[in-house]
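Welcome, and thank you for taking a look at this protein with me. Please open the sequence and the structure side by side, and we will walk through them one region at a time.

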Amino acid sequence: MAEQRSFDLAIIGGGIVGTATAMAMARRGGCRLVVLEKEPRLAAHQTGNNSGVIHSGLYYKPGSLKARNCVAGREALYRFCAEHAIPAERCGKVVVATSEEQIPALDELQRRGESNGLDGMRRLGPLEIREFEPHATGIAGLFVPQTGIVDYSRVTDAYADEVRRSGGEIMLDARVRRVVHEAHATVLETTAGTVRCHCLINCAGLHSDRVARLCGVDPEIRIVPFRGEYYELRPERAHLIRNLLYPVPDPEFPFLGVHFTRMIAGGVEAGPNAVLAFKREGYSRWSFSPRDACGTLVFPGFWRMAATYWRMGIGEFARSWSKAAFVRALQALVPELRPDDVHRAGAGVRAQALARSGKLLDDFCIVEAARQIHVLNAPSPAATASIAIGEAIATMAAACFSRT
Ligand SMILES: Cc1cc2nc3c(=O)[nH]c(=O)nc-3n(C[C@H](O)[C@H](O)[C@H](O)COP(=O)(O)OP(=O)(O)OC[C@H]3O[C@@H](n4cnc5c(N)ncnc54)[C@H](O)[C@@H]3O)c2cc1C
């Protein structure tokens, strides 16, 4: 008979949120815990395919979970990287308005930044933009010094090392397939054997709604995958970008708008767009899963969302299939960029929680049930905010699990 292991706590998902939560729980001590990850390595999905930006907290509604956790998490992350010799650079970023209509949104960004405690922001005129980014064009800009870059896969591996050092376990190739609740324990059937635990935390990212259902909880949302595709600047043209260069986001669609990002390992990426994906872990334009596509299409919230946002959706599809359209969006920031200067690079898939009403959940969403916590929406800046989110979940867990 296969071995059955017992723990106080099982965390499902070895992305940055699951490992940060495990680190926070392990640091508190007194809890035998395991992280269950279905892939042969950590950070295989959202975490390992993101832009590698340490966000400042500029965009988020003051007081929201995103704003609070991003600001606290960002500084904790810089400290963690310094203590663990993980390369991270606080290089700052420039947000550029290219038309008069964008000025009110730039003003609003500055106000939000101030409310979120961002010191040292600088408003820029057209010539000052060029002091920071010599090849960028705009009528006004905002320099934000707190933004930085890092490799989130390395950060996740370092969190996992901390977990192991504190006596926690990380099980790879361990997909949770079935969950059975008993009177005082929960039995998780995984591809690496059976795990018995007292409590569980679901940090399954693109599968968080399905894992919640496996656990007997109706998540009331559906995860809809949005692929973000990147181009990379050819090395001989990488000098066009010094650090990070962003357009002013549309306040209604803050996650849209392709930008330039210098990467910590070298090179410059442009993107990502946000294209509705037909496979939750589908990284190419051809990826298709009948189960995932049907799951999206039969959800009433999807059609309500589509009725509102179809115009945006078509624009994103166009930028996905047409390099010329993608490059046109980039040329608004750097007019001398030519199609030959960039080539297609990788992609990431965002787990976006969608309500039945058709509303895209904007803030982090974490719900409790008996002896369970489910992280149902952890979009950007969850990687930046991971240490703060992990601490917040650990605090919830201590309260929630002590009641049982
Ligand atoms: C294109 C893109 C760019 C982004 N850029 C940034 C950025 O620059 N800065 C930033 O702060 N944030 C960024 N984000 C957001 C950030 O990457 C995510 O918020 C964060 O990685 C979420 O982490 P997670 O642990 O919740 O999810 P994931 O990293 O997706 O981890 C979930 C894990 O759960 C595992 N899993 C799922 N189901 C099961 C199961 N049944 N059993 C066991 N394991 C399971 C998966 O294999 C996966 O490893 C970006 C995201 C994307 C997609």
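**A walk through the model**

Just after helix 2, A85 adopts a positive phi of about 55°. Keep in mind as we go that what you are looking at is a predicted model.

Let us step back from A85 into the helix before it. Helix 2 covers residues 65-83, which makes 19 residues. From its first C-alpha to its last it reaches 26 Å, close to the 27 Å expected at 1.5 Å a residue. Which residues of helix 2 are buried? They are K66, A67, N69, C70, G73, R74, A76, L77, Y78, F80 and C81. You will find these buried residues packing against several other elements: helix 1, strand 3 (53-54), strand 4 (88-89), strand 8 (148-150), helix 5 (152-165) and helix 10 (386-402).

One of those partners, helix 10, deserves a visit of its own. Helix 10 has 17 residues, and the distance from its first C-alpha to its last is 24 Å, close to the 24 Å expected at 1.5 Å a residue. Its buried residues are S386, I387, A388, I389, G390, I393, A394, A397, C400 and F401. Between strand 20 (372-377) and helix 10 runs a loop, and P381 is found there. The peptide bond that joins S380 and P381 is cis, with omega at about 10°.

Now turn to the ligand. How many residues surround the ligand? There are 38, and the closest are E37, T47, V53, A378 and T384. Sorted by character, the shell around the ligand holds 18 nonpolar, 15 polar and 5 charged residues. Some polar atoms can be picked out by distance. An oxygen atom of the ligand is 3.2 Å from a polar backbone atom of I16. For N50, the partner is an N or O atom in the side chain, 2.9 Å from an oxygen atom of the ligand. For T384, one of the closest residues, an N or O atom in the side chain is 2.7 Å from an oxygen atom of the ligand. Taken alone, the ligand exposes 1000 Å², and the protein buries 97% of that. The elements that give two or more residues to this shell are helix 1 (16-28) and strand 18 (342-355).

From the ligand, follow the chain to the loop between strand 2 (33-36) and strand 3, where S51 is found. Is S51 buried or exposed? S51 counts as buried because its relative accessibility is 17%, and the cut-off for buried is under 20%. A polar contact of 2.8 Å joins the side chains of S51 and Y230. Leaving aside neighbours within four places in sequence, S51 is in contact with Y230, H259, T261 and P272.

P272 is a good place to pause. It is found in the loop between strand 16 (268-271) and strand 17 (275-276). Here too you can look for a cis peptide bond, this one joining G271 and P272, with omega at about -5°.

Another loop, between strand 13 (221-233) and strand 14 (244-247), is the place of N243. With a relative accessible area of 18%, N243 is buried. Which residues does N243 touch, not counting those up to four places away in sequence? They are C91, G92, E133, F260, T261 and R262. With R262 there is also a polar contact of 2.8 Å, which joins the side chains of N243 and R262. T261 links this part of the tour to the previous one, as it is in contact with S51 and is touched by N243. For a sense of scale, pick out Q331: N243 and Q331 are 88 residues apart along the chain, and their C-alpha atoms are separated by 17 Å.

We finish as we began, with positive phi values. Phi of D173 is near 55°, a positive value in a residue other than glycine. D173 sits in the loop between strand 9 (169-171) and strand 10 (176-181), and at 42% relative accessibility it counts as partly exposed. Phi of E220 is near 60°, again positive in a residue other than glycine. The place of E220 is in the loop between helix 6 (208-214) and strand 13. E220 counts as exposed because its relative accessibility is 58%, and the cut-off for exposed is over 50%.

Note on methods
Residues numbered from 1 in each chain as written. Predicted model: local features only at pLDDT ≥ 70, side-chain atom pairs only at ≥ 80, totals over all residues. Heavy atoms only, no water. Near = heavy atom within 4 Å. Polar contact = N/O pair within 3.5 Å; in protein donor to acceptor, adjacent residues only side chain to side chain. Areas by Shrake-Rupley, 256 points an atom, 1.4 Å probe, with all protein chains shown as cover. Helix = DSSP H or I, 4+ residues; strand = E, 2+ residues; numbered from the N terminus. Nonpolar A, V, L, I, M, F, W, Y, C, P; charged D, E, K, R; others polar. Expected span 1.5 Å × (residues − 1). Buried < 20%, exposed > 50% of the residue type's maximum accessible area, 1.4 Å probe, protein only. Contact = heavy atoms within 4.5 Å.
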